[in-house]
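Colleague: I would like to learn how to read a model such as this one, going from strands to sheet to chain contact. Could you take me through it step by step?

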Protein chains: 2
Amino acid sequence: MQDLKTDQLTKRFLQPFARKAVSPPPIWLMRQAGRYLPEYRKVRAEAGSFLDLCYSPKLAAEVTLQPIRRYGFDAAILFSDILVVPDALGQSVRFAEGEGPRLDPLKSVADLSRLALSNTHDKFARVCETVDRLSKSLPRETALIGFCGAPWTVATYMAEGKGSSDQAAARSWAYRDPAGFSALIDILTEASVAYLSAQIEAGAEAIQIFDSWAGSLADDQFARWVIAPTARIVKEIRKRHADIPVIGFPRGASALLKTYIDGTDVDGVSCDTSCPLQVMQAIARTGKAVQGNLDPLLLVAGGEALDKRTDAICAAMTGLPFVFNLGHGIVPETPPENVARLVTRVRAPRS
Amino acid sequence: MQDLKTDQLTKRFLQPFARKAVSPPPIWLMRQAGRYLPEYRKVRAEAGSFLDLCYSPKLAAEVTLQPIRRYGFDAAILFSDILVVPDALGQSVRFAEGEGPRLDPLKSVADLSRLALSNTHDKFARVCETVDRLSKSLPRETALIGFCGAPWTVATYMAEGKGSSDQAAARSWAYRDPAGFSALIDILTEASVAYLSAQIEAGAEAIQIFDSWAGSLADDQFARWVIAPTARIVKEIRKRHADIPVIGFPRGASALLKTYIDGTDVDGVSCDTSCPLQVMQAIARTGKAVQGNLDPLLLVAGGEALDKRTDAICAAMTGLPFVFNLGHGIVPETPPENVARLVTRVRAPRS
């Protein structure tokens, strides 16, 4: 992505993806729409299941807008979930309260017959209706980010049937039967391209690919299951929508971040909290946009410790193409007033 | 650690820590004594609780020796647990079958009064009796490794009361009350120096410091809670036992590995599976010994995929000070014959 169209120039969030440093930096926060907000909890309580909320354009748009109204973030991110893709493909997903997602796990290549891209139309359409509503109701200066989970990360849930700390089911499958696992990754890659393209056509102005479990892989597996499918998605999106920035978030893969950027050609990366500021600087100096990476637990703690680290991150990234963000999503225990304090601090004039 | 004493020269494992490349590389595996071995499960079933096994010199020595008899590894590692230190200090640890460790969590600096170095004598002495037995019964060519958990990682269990995927209790405490958390780290640092010194005096010929949860920290927190206390331990151990190599294992901190080595002055590092081979090479080229980093799940899968990656790791580290190991501990599902296959492969003559 090289040039911005005129209407994009008014949006601060988009500038760093055109290699421009913005001062003060644009800010949005992962999971900025979520349980820490009382107005979110109210909508959530009325919505039925978590996926019902994701599939309700009216309610999903409403919760997406809530943090924009409160804090005036520079970007809104579509309220949805990375498991919409397997759910739409045919592996139904359930969210038990306080337990996280549950799926009937895929055990081998034979189980892939349960999945079909032709199943996805209705569910993808509902998400895109949310995007459409948002693009018509967001403030003029606020950018809209669409997203999907990266094929590797989504596959870890599909193989395990739930979240896991070590992604053992997917990693083992990939070792045991790389051709079969590759078939799953291919289905997810194709579905992701269709899903992201539809979001862009409905009004998303940037795309983020969440690879939350990229950090567990050896370098050869990372090249095959993280870099290669992400590169395919980037290439296909760029072919159709050359002006839309694509942001990668290979969480936990700091030591392979440069390899990831070179291999995928993303326009920018989100960095997790463990990514050293020096690594973020080095990447931003190559002209790629960098997002990150305040510890969400520091946003819970608040106070001077929060101010100090916020200042340190901003100082390190001054003059570079940078978007202020967290290293991971806001946690439910976060006091909303600490978020206000953070936004004020990031936007304060600096000497 | 610069020079080896005459009796150390016969031990292949110790050579890389004196900056010497050994071909084929020495090999040992984290958790090489464990549930994947039927002879271990037999002893474990007779031992009472898991900590009873750790505190029984006879049984702990026996299970330490089992994988040496089977596979002739170049090093034995004391069978024990990183939570011996809090248990000995006075925060009693329980292992519920299939559930992992449980402790009454420390919530604030006031709870530190439950801990005292003067409590540790009897429990540390039992572990050291195991070391003493091992140093008298191991084959002449097998090195004996002692170990402890790093203060940060041990503190995460003490604050959380159990293992956790995000170490939220310790990270939050460190933000909320850095002085109080620092007092806990200081107690653990002092206890670790005493514990490791006692192991060395009983016959340990190298020391490994396991920092399993080092990967979750921002760089400033990593400097304070991982590097600083580890540097103190290394300095104190070297003052007393200049000829004993100290190996650090800051798991998940690949992007900060060089910073860790420079800051702690360890003689070598163990690398987890996600550490790129290029990073391992770069470190070994500076003369520091590197251990790692085969994926334990590949040892479960076995077959040609195992052979191929084993060859790739060995080829990458040829001519460098290197010890073959896993990136994490052996998992219980590992077929013992795959371990035999790995050892044969690592020791096969290479062109």
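Colleague: Let me begin with a pair of strands: in which sense do strand 4 and strand 5 of chain A pair, and over how many bridges?

Modeller: Please keep in mind throughout that this is a predicted model. Strand 4 of chain A, residues 143-149, pairs with strand 5 of chain A in the parallel sense, and five bridges link them. To see one such bridge, look at A:F147, whose partner in strand 5 of chain A is A:Q208. On the other pairing of strand 5 of chain A, with strand 6 (residues 246-250) of chain A, the sense is again parallel and there are five bridges, and here A:I207 stands opposite A:V246.

Colleague: Which element joins strand 5 and strand 6 of chain A into a β-α-β unit?

Modeller: That element is helix 9 of chain A, residues 219-240, and the unit it makes with strand 5 and strand 6 of chain A is right-handed.

Colleague: How do I judge burial along a strand, and which residues of strand 5 of chain A point which way?

Modeller: A residue is called buried here if 20 or more other C-beta atoms lie within 10 Å of its own. In strand 5 of chain A, residues 206-211, six of six residues meet that test. A:A206, A:Q208 and A:F210 point one way, while A:I207, A:I209 and A:D211 point the other way, and all are buried.

Colleague: And for a helix, how many residues of helix 6 of chain A are buried?

Modeller: The general idea is that an α-helix has 3.6 residues a turn, so residues three or four places apart point the same way. In helix 6 of chain A, residues 151-160, 10 of the 10 residues are buried; among them are A:W152, A:Y157, A:M158 and A:E160. Just after helix 6 of chain A comes A:G161, with a positive phi of about 85°.

Colleague: Stepping back to the whole chain, why can chain A be said to agree with a compact globule?

Modeller: A compact globule of 351 residues would have a radius of gyration near 20 Å, and chain A has 19 Å, which agrees. The C-alpha atoms of chain A fill a box of roughly 60 × 45 × 40 Å along the principal axes, and 55% of the 351 residues count as buried. Chain A has 14 helices and nine strands. Of the contacts in chain A between residues at least 6 apart in sequence, 73% join residues at least 24 apart.

Colleague: Turning to chain B, in what order do the seven strands of the open sheet lie?

Modeller: The order in chain B is 1-4-5-6-7-8-9, with parallel pairing. Strand 1 (75-77) and strand 9 (322-326) of chain B stand at the edges with a single partner strand each, so one side of each has no neighbour in the sheet. From one strand to the next the twist averages 25°. At the strand 9 edge, five bridges join strand 8 (residues 289-294) of chain B to strand 9 of chain B, and B:N293 stands opposite B:N325. Helix 11 of chain B lies across strand 7, strand 8 and strand 9 of chain B, and runs at about 165° to strand 8 of chain B.

Colleague: How would I read a single position, and why does B:S192 count as buried?

Modeller: B:S192, which is found in helix 8 (residues 178-202) of chain B, counts as buried because it has 25 C-beta neighbours inside 10 Å. Leaving aside residues up to four places away in sequence, B:S192 touches B:V85, B:C148, B:P151 and B:I233. The C-alpha atoms of B:S192 and B:V85 are separated by 7.5 Å, although these residues are 107 apart along the chain.

Colleague: Finally, how many residues does each chain bring to the contact between them?

Modeller: Chain B gives 28 residues and chain A gives 28 residues. Helix 7 (168-176), helix 9, helix 11, helix 12 and helix 13 of chain B each supply at least two residues of the side of chain B that touches chain A, and helix 7 of chain B has the largest share, with five residues. By class, that side of chain B has 15 nonpolar, seven polar and six charged residues.

Definitions and conventions:
Residues are numbered from 1 along each chain as its sequence is written. Chains are lettered from A and ligands numbered from 1 in the order in which they are written. This is a predicted model: local features need pLDDT of at least 70, side-chain atom pairs count only at pLDDT 80 or more; totals for chains, interfaces and linings use all residues. Two residues are in contact if their C-beta atoms, placed from the backbone, lie within 7 Å. Helices (H or I, at least four residues) and strands (E, at least two) are DSSP runs, numbered from the N terminus. Ala, Val, Leu, Ile, Met, Phe, Trp, Tyr, Cys and Pro count as nonpolar, Asp, Glu, Lys and Arg as charged, and the others, Gly among them, as polar. A residue is buried if 20 or more other C-beta atoms lie within 10 Å of its own, exposed if 12 or fewer, and partly exposed in between; C-beta atoms are placed from the backbone. Two strands pair if DSSP finds at least two bridges between them. A crossover is right-handed if, with the strands pointing away from the viewer, the path from the first strand over the helix to the second runs clockwise. The radius of gyration is taken over C-alpha atoms; the globule rule is 2.2 Å times the number of residues to the power 0.38. Axes are lines fitted to C-alpha atoms, for helices over the stretch in contact, and angles run from 0 to 180 degrees between N-to-C directions.
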